[in-house]
Amino acid sequence: MTQLSESLNKKQKRGFLFAFGLIALISLLEVVTLKVDGLPKKFRWINIVSNYLGFGLTPSVCICLVYVLDKKTKLRWEFKLAILWEVVYLLILALSIPSGLVFSVSQENIYSRGPYFFIYIFAYFISILYLSLSTIFVSKQF
């Protein structure tokens, strides 16, 4: 549908396709985590990686949609800041894996939320807030 759209420029079409692919990947990762949870220990690493990528990439969907909203080809400073925020979040999430602060996968390969699971909730909330504010800003222009 994006290919047939006359109102979207090339940049926006690319952003929509990327966001759609990201949503599909995150959905697939969720299925993988559900399937491998509780399986023998040899599947533990798949559980950890799938949870990390699922939790880590979810806020990126909102950032992709903001990218689609902006018809300009030059990236704004707010968007660059959002990307930096996502990178910092991914690093924090990765560093928290050994301690299980955000989530953990036990030696028996059982997933559970960590005591600092709110970090994921906060990152997701900030990305939704960013998308909402960007949507309001763009809608006021039109």
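In this predicted model, Glu30 sits in helix H1. With a relative accessibility of 44%, Glu30 counts as partly exposed, because that value falls between the 20% limit for buried residues and the 50% limit for exposed ones. A useful sense of scale comes from pairing Glu30 with Gln141: the two are 111 residues apart in sequence, and their C-alpha atoms lie 37 Å apart in space.

Asn47 offers a helpful contrast. This residue belongs to helix H2, and its relative accessible area is 0%, so Asn47 is buried. The side chain of Asn47 has a partner, as a polar contact of 2.9 Å links it to the side chain of Asn109. Beyond residues up to four places away in sequence, Asn47 touches Thr33, Val36, Asp37, Val105, Asn109 and Tyr111.

The nonpolar cores come next. The largest of them is built from 11 residues, namely Ile48, Tyr52, Phe55, Tyr89, Leu93, Val102, Phe103, Val105, Phe117, Tyr120 and Ala123. Two or more of these residues come from each of helix H2 (44–69), helix H3 (77–96), strand E1 (103–105) and helix H4 (118–141). Helix H2 is the biggest contributor to this core, giving 3 residues. Val105, met above among the residues that Asn47 touches, is also a member of this core.

Val102, another member of the largest core, shows how one residue can meet many others. When neighbours within four places in sequence are set aside, Val102 is in contact with Leu93, Ser96, Arg113, Gly114, Tyr116, Phe117, Ile119 and Tyr120. Of these contacts, Leu93, Phe117 and Tyr120 are listed in the core as well. A second core, separate from this one, has 8 residues, including Ile63, Val66, Tyr67 and Tyr130.

Finally, there are the open spaces to consider. The second largest pocket has a volume of about 230 Å³. Its lining is made up of 14 residues, and those nearest the pocket centre are Phe18, Ser60, Ile63, Cys64 and Ile83. Helix H1 (10–36), together with H2 and H3, supplies this lining, each of these elements giving two or more residues. Sorted by class, the lining holds 10 nonpolar, 2 polar and 2 charged residues. Ile63 ties two parts of the picture together: this residue lies among those nearest the centre of the second largest pocket, and it also belongs to the second nonpolar core.

Notes. Residues numbered from 1 in each chain as written. Predicted model: local features only at pLDDT ≥ 70, side-chain atom pairs only at ≥ 80, totals over all residues. Heavy atoms only, no water. Core = buried A, V, L, I, M, F, W, Y, C linked by side-chain atoms within 4.5 Å. Buried < 20%, exposed > 50% of the residue type's maximum accessible area, 1.4 Å probe, protein only. Helix = DSSP H or I, 4+ residues; strand = E, 2+ residues; numbered from the N terminus. Contact = heavy atoms within 4.5 Å. 1 Å grid on protein atoms, 1.4 Å probe; cavity = no way out; pocket = protein on both sides within 12 Å on 5 of 7 lines; lining within 4 Å. Points joined across faces, edges and corners; volume = space filled by probe spheres on them. Nonpolar A, V, L, I, M, F, W, Y, C, P; charged D, E, K, R; others polar. Polar contact = N/O pair within 3.5 Å; in protein donor to acceptor, adjacent residues only side chain to side chain.
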